[in-house]
Structure formats: C-alpha cells, structure tokens
Amino acid sequence: MPDLLDYLKGQQLEMESALQKLVEAESPSKNKPLADQCGIVLKELFEEIVGGTAETIVKEEVGNQYRFTYGSGAEQILIIGHYDTVWDQGALPLRKEEGVLYGPGVFDMKGGLVIVLWALRALKHVGEEGKRKVVFLVTSDEEIGSAQSRGLIEEEAKKSALVLVPESSISTTGAVKTSRKGIGIFKISVRGKPVHAGINPWAGASAIDELVMQLAELKKLDNQEENISINIGTVSGGGRTNVVAAFAEADIDLRFRNTAQGERLKSVILNRTSFIEGTEVEVTGDINRYPMEQTDAVMELYQQLKEIAAGHGYELEHGNSGGASDGNLTAAIGIPTIDGLGPVGDGAHAENEHVILENLPYRSALLAELIKRHMN
Ligand SMILES: [Zn+2]
C-alpha cells in the first residue's frame, strides 16, 4: 500500500501555502461579505485539491456554508468544520516565524480545514474509496453559537456512522478531545420597589440586594470536584446611590460534565423564588450545548488513532476540553464523535494563536488513515 504519510510529507509546502491563503481571507463570524470571500477561497481549494462535489448552502445573515462530498458510497462519514473566526478584520496580523504560522483562525480552525483537504487528497491519490462516502460540512457561525447551522449539522450527523471534528487539538500537546463540557447560558433579572434611600428605605425592596442573594446562592452550585462551574459574567442594575434599586440583572455561564448534571442544574437555576418580599425574580435561558461524553465508542476511535500515531512514530494522547464545539451537537444525538483532530499549536481565541507547520502532514495522515479504516 502506498504510504499516506510519505505522500503527505511531500505535500507540506502546498499545505502551508493553502493555510496562508485561508488565513489571509479573514472571516469574522459577523461580517458576511468578508466571510463569504473566505468561503469562496475554501471552495476553490476543495475543487482544486480534492475535486469531489461542492455544494454551496446560501445563508442570509452569516457566510455561506458548504457541503463537500468525496466518494460515492451510500453510507457516510461526517467531518464538521467552521471557517469563521473570533477576530475582527485587521485585529491580528499573519506572520511566519521559524516553522510557526501565527494569524487569525490559524489554529481554530483553518489549520483543521487544510488537514481535511489533504487527508482527502491523499486518499484520492492512493485510489481509496469504499462503501462510505465522506461528507465535509463547513459552517460559518460556530464562534457565535451555530444558530444558522445547527439544523444542518444535526441532519447530516443522523445520516452518519461517525463524526470527525478537526477543531484545534489540546494546546501544545496535540492531544485529541474525547470529551467536552456542556454549556448553559442564563439571565437572571430582578424587579424591586424603588423608594428614596433616606426617607423610609424599609418601605422599598432592593432589586440589587435580592440579586446579590440570588447570586450567592447560585454560586454554591459551583463544584470543582464534579467539574461544574458557574461564572457570573456580567452584573448590572440600579441607577442612583440614593434610590433603592428598581432593577438588576446578571448573566450566568454554566459548564457541566454530563447530561444528568446539566438537567439538574438547569432546573435549580430556572426555578428561583425571591428572598426579599416585594421583589420579583425571573430567570431565562437554557442549555446551549449538551456535553460530548466520553463513551466507549469514542474511546474505541481514540484507540485506533493512537495505533495509527504509533505507526507514524509518536504517541497521541487524549483529554477533555472545557469549551464546546459543534461536536457537542453530534455527540448529543448519539453519533460517535471525536474532536481535536486539527493541528498542533496553541492560542485559540488568543493573540498568540499559532500552528506548528511541520506537524500538518502528520495530522493529515492521522485523519486519512482513520477515514480509510472506516470507509468499508
Ligand atoms: Zn473552533
């Protein structure tokens, strides 16, 4: 069998230049005209490098999305990615220094997109096709919650035997992600009864006092041992120092490890009663993404990857991520999903965002061999 890794090592410079092109085409999630330009670069790369079917899914508010298909089997393997980034245009410069490429979205996750393109190219090069085709779905709103792609991702996942997610790997180690935490987003709003703070403050009811008590209570749910965190991200309210506050509110980010925890915490957070007579507490929000749990099927995929990596001369580790990705969506509907298959690097959403270039062929070969094992 022709060696996929050897072939890909010979493609390193082409991979680097494609990655540079994709990063130069900046693509903030909320700038549709700019993001669309990046989408076009990606589509052209797919057509040139892989050459399967490229279908454009036109979107009104965010960048257009793409369904690329390689192979012709009746069953499918799904790869999901996104080309949007958290970076505004011009916010982060692109630069290359001693085998490291820095730039907006290079690690999260344009490097991953390049890895997929070349994994498919390598499979094509060795003439590999099977009873399963590969669908590579690339969306444009992952960094803002995936509202414009969630339905599509879930629909494709339901048709798939497994889902591979080339999101950035665990920082610096290159470990793949076998589990991700779930996220809940909530807003707590309190209405009080405003009166003058000096004349008869006891006739009023302070929304701020109530909110403080509510938040102190909710903070008790935070539990490092169980991997549950409650972050109060914003607080606002009141208007004047000499008025008992009429209104106060706070935004809460909940992270949890498994679905049972998520359901229990959601119910505690949503069902609040006020401590102070005369105030009214209202909580809105929901679980945004369920966790990607470390199931046996996921660990089986990891074992296969570990074996492939060993064959390529290195050790591949796995771990948990506190952040969510679209992999959470596909795992939640029961499709075995493994994440963090993207490049080795560091600095997702941070100014030192970068990718180690010499690893690109290795990551691509890792993905290609895994796909090959599952195509038949
Ligand atoms: Zn990402």
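**An enclosed space and its surroundings**

The largest cavity of this structure holds about 40 Å³ of space, and the model in which it appears is a predicted one. With a threshold of 30 Å³ or more, one cavity is found in the structure. The residues that line the largest cavity are Ile-80, Gly-81, His-82, Met-109, Glu-142, Val-165, Glu-167 and Asp-326. Strand E3, which runs over residues 75-82, supplies three residues to this lining, and that is the largest share.

From the cavity one can step back to the fold around it. The protein has 10 helices and 16 strands in its secondary structure, and its C-alpha atoms fill a box of roughly 85 × 45 × 40 Å when the principal axes are used as the frame. Of the contacts in the protein with a separation of 6 or more, 80% join residues that stand 24 or more positions apart.

The division between interior and surface can be described next. Among the 376 residues of the protein, 52% are buried, where buried stands for a relative accessible area under 20%. The accessible surface of the protein amounts to about 16,200 Å², and carbon and sulfur atoms account for 47% of this area.

The charges complete the description. The protein carries 37 positive and 55 negative charges, and the mean position of the positive charges lies 3 Å from that of the negative charges; in this count Lys and Arg are taken as positive and Asp and Glu as negative, while His is not counted.

How values were computed: Residues numbered from 1 in each chain as written. Predicted model: local features only at pLDDT ≥ 70, side-chain atom pairs only at ≥ 80, totals over all residues. Heavy atoms only, no water. Helix = DSSP H or I, 4+ residues; strand = E, 2+ residues; numbered from the N terminus. Buried < 20%, exposed > 50% of the residue type's maximum accessible area, 1.4 Å probe, protein only. Contact = heavy atoms within 4.5 Å. Areas by Shrake-Rupley, 256 points an atom, 1.4 Å probe, with all protein chains shown as cover. Charge placed at Lys NZ, Arg CZ, Asp CG, Glu CD. 1 Å grid on protein atoms, 1.4 Å probe; cavity = no way out; pocket = protein on both sides within 12 Å on 5 of 7 lines; lining within 4 Å. Points joined across faces, edges and corners; volume = space filled by probe spheres on them.
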